[in-house]
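Hi,

Here is the structure I promised to pass on. Have a look at it first, and then read my notes below.

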Amino acid sequence: MTMMVAARAIATATARSVVRSTRFPLQSPSLYVFAQRKSHSHTLLIRQMSSEAPSVVTRLQSSGLFRSQGLIGGKWIDAYDGKTFKVHNPANGEVITNVPLMGKRETDDAISSAHDAFKSWSKLTAADRSNRLRKWYELLIAHKKELGQLITLEQGKPLKEAMGEVTYGASFIEFFSEEAKRVYGDIISPTLADRRLFVLKQPVGVVGVITPWNFPLAMITRKVGPALACGCTVVIKPAELTPLTALAAAELSLQAGIPAGVVNVVMGDAPAVGDAILASSQVRKITFTGSTAVGKKLMAGAAGTVKRVSLELGGNAPCIVFDDADVDVAVKGAIAAKFRNTGQTCVCANRIFVQEGIYEKFADAFSKAVQSLQVGDGFGEGVSLGPLINEAAVQKVEKFLQDATTKGAKVLLGGKRHSLGMTFFEPTVLTDVKNDMLLSREEIFGPVAPLLPFRTEEEAIALANDTNAGLAAYIFTNSIQRSWRVTEALEYGLVGVNEGLISTEVAPFGGVKQSGLGREGSKYGLDEYLELKYVCMGNMGGN
C-alpha cells in the first residue's frame, strides 16, 4: 500500500510543487487550460511569435531526434494498448505531438531489459564504457541547436537558455566519461599476518531515474552519466510535460554505441510506472528530483524492497545582500539566481534579504534591472523569460502574491499576468515582505522576487535558516571574513558567494535537512551508484 501511495504521488510530483499540486489526470486537457482573460489579439500575437515552432518540428523530424515512442531494449515502441497522451507547447498551448501512455507492463519490460543488459554492461572495461559515454557527449554537443530547440518547444525557456542547458547537461556525460576510469578500491592493512583485506567497488544495478520538467535534459544526464559510468543500467521516467528531450537524448545514446537495454525510457501513466519501479526487486536504486513531500513518500515506498535512494528535493533559497556588498554585483547575481528559467528552478533565490543600510538603493537598482527583462515566446529575439509551465503554475504564483499583499507586502513591479496572455507572467518585485508570508515559507517557482530587510548578520543567518529546506543559498559581501563566517553558519548544501549561477558538473550538488539525500555531479556523484564489497583472504601465510 505504501508503495502504491508513493507511486501515485509521482503523477503530479516529478517536478516542482507548481505541477505536483494539481489533481488533474495526466492526460486531462485541464492541465492546459490557460488564462481566460487573454484577448483575441494576444492569442494572435503569441501564435505569430511561435510561428517558428512547426518548422522546428519539421527540422527535428528530419534529423531523427524527434522521437515520439518509448524506448525498451533498444526498440522504439508504442504503449501496448495503443493509448497516447498529448505533449503541449506551453507558449501557445498547441499540441506538439502524441506519445505513448505507458504503464505497468511496459515498465516491467523496461526493467527486465535493463536487468538483462546489466549483466554485460557492468562487465565491460571502464575504458570501454568511458569511450561510449564520450561519444554520447560529442553527439549531444553536435546536436546542441536541435536539442535546444526541442527544450524550448516543450518546456518554454528562451532558446539561448535552452542551448545553455544542453551544454550544461552534456558536461555531465563528458565528466563522468572521464571519471568512469577512476573508480578505485582499497587495500586495508590486516590485523593478522596471514590475512589480506581489500575493498571492491561494484555497480548498484538497475536504477530507476525519475526527472522533472524544468531541466528536461540536464536532470537526466546528471543522473544517468554517473550511473552508466559505474556500470549500472537505467529506466528513465521523464516528466509527462517534457518527454521529448529525454527521448532525443536516448536516441543519441544508441547512436553513441551504448548497447540496447542499458538506457530505457517509459512515460505516461505515472502512478502505474512509479508503482512498477518501486515494487520491482530488480530495481536496486531510485534517483529522484522533485518535491520534499514526494521524496518522503518514495523513501517509504522504496522500503518494501530496501532500495537505495538519492533525492534532490525542494528548496527555499535565501539570497543575503550585506551593506558592504558591491551593489552592481549583487543585483546581477540576484537577477541570475532569481529569474533563470522564469524562476522555475530548485535553486532560485526564493527570499532576498537586504541589509537596511542599502535596502532602498538595492531595491531601486534591482527593480530597474528586472524591468529590462523581456517576456515572450522562447523562440523570440532577446527574450529573457518564457512562459510558466502551465495554468496551475500561474495560479500558484497568484495565490502567493494575494497572500503577501493581503498581509502588507507592496508590489514594486509587475504582480500580474502578462499582457501576452497564456501562462506568461510579469517579472515581479515585492517590498515590505515578512517572514510569515507564503512566499517566504514555500518555493514560489515563478518570476517573483520578495525583498526582506534585515539589521544584523546574526538576524540574516537566523532568517535564512528558518526553513525545513536546505538546498542553495547566496551571499553578497566584500568581506572575506564575513563570507567565510556566514557560509559556515548557513544550513545549506550549496552556497554561492558573490555569484548567482553556481551549478557545475565538477562540484557536488545536493541539499541538507529536508532538501534531499546524496550528491549529484563531481567525483562524489559516483558514490551514489556504487556498492562497497569487503573481501577477507585468509590462510595467506602458507605456500
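What follows is a short tour of ring pairs, a helix, a buried leucine and some empty spaces.

First, some ground rules: this is a predicted model, so local features need pLDDT of at least 70 and side-chain atom pairs count only at pLDDT 80 or more, while totals for chains, interfaces and linings use all residues. Residues are numbered from 1 along each chain as its sequence is written, and side-chain values use heavy atoms, with hydrogens and water left out.

**Rings**

The structure has 6 aromatic pairs. For a pair, the ring centres of Phe, Tyr or Trp (its six-membered ring) lie within 6.5 Å; planes under 30 degrees apart are stacked, over 60 edge-to-face, and the rest tilted. F175 and F176 make an edge-to-face pair, with 5.2 Å from centre to centre and 90° between the planes. F175 is buried at 13% relative accessibility, and F176 is buried at 0% (buried is under 20% relative accessible area, exposed over 50%, partly exposed in between, using a 1.4 Å probe and protein chains only).

F362 and F366 are stacked instead, 5.4 Å centre to centre with 15° between the planes. They sit 4 residues apart, about one turn, in helix α14 (residues 359-371). Helices (H or I, at least four residues) and strands (E, at least two) are DSSP runs numbered from the N terminus. An α-helix has 3.6 residues a turn, so residues three or four places apart point the same way. Both F362 and F366 are buried, and ring pairs join them with F339 in a cluster.

Two charges also sit over rings (NZ of Lys or CZ of Arg within 6 Å of the ring centre and within 35 degrees of the ring normal). R222 has its charged end over F509, 3.9 Å from the ring centre, and K513 lies over the face of Y492 at 5.9 Å.

**Helix α6 and L217**

Next, try α6 (residues 126-142). Its 17 residues reach 24 Å from first C-alpha to last, close to the 24 Å expected (the expected span is 1.5 Å times one less than the number of residues). Its buried residues include W136, Y137 and L140. The buried residues of α6 pack against α5, α7, α8, α9 and α10.

L140 turns up again as a contact of L217 (contact means heavy atoms within 4.5 Å). L217 lies in the loop between β7 (206-210) and α9, and is buried with a relative accessible area of 0%. Leaving out residues up to four places away in sequence, L217 also touches I151, E165, V166, T245 and A249.

**Pockets and cavities**

On a 1 Å grid over the protein atoms alone, a cavity is a set of points where a 1.4 Å probe fits but cannot get out; a pocket is an open set with protein on both sides within 12 Å along at least five of seven lines, and lining residues have an atom within 4 Å of a point. Grid points are joined across faces, edges and corners, and a volume is the space filled by probe spheres set on the points.

The second largest pocket has a volume of about 600 Å³. It is lined by 23 residues, and E161, A336, R340, S384 and L501 are the closest to its centre. α13 (327-339) gives the most to that lining, with 4 residues.

There are 4 cavities of 30 Å³ or more in the whole structure. The second largest cavity holds about 60 Å³ of space, and its lining includes Y168, R222, R340 and F509.

Cheers
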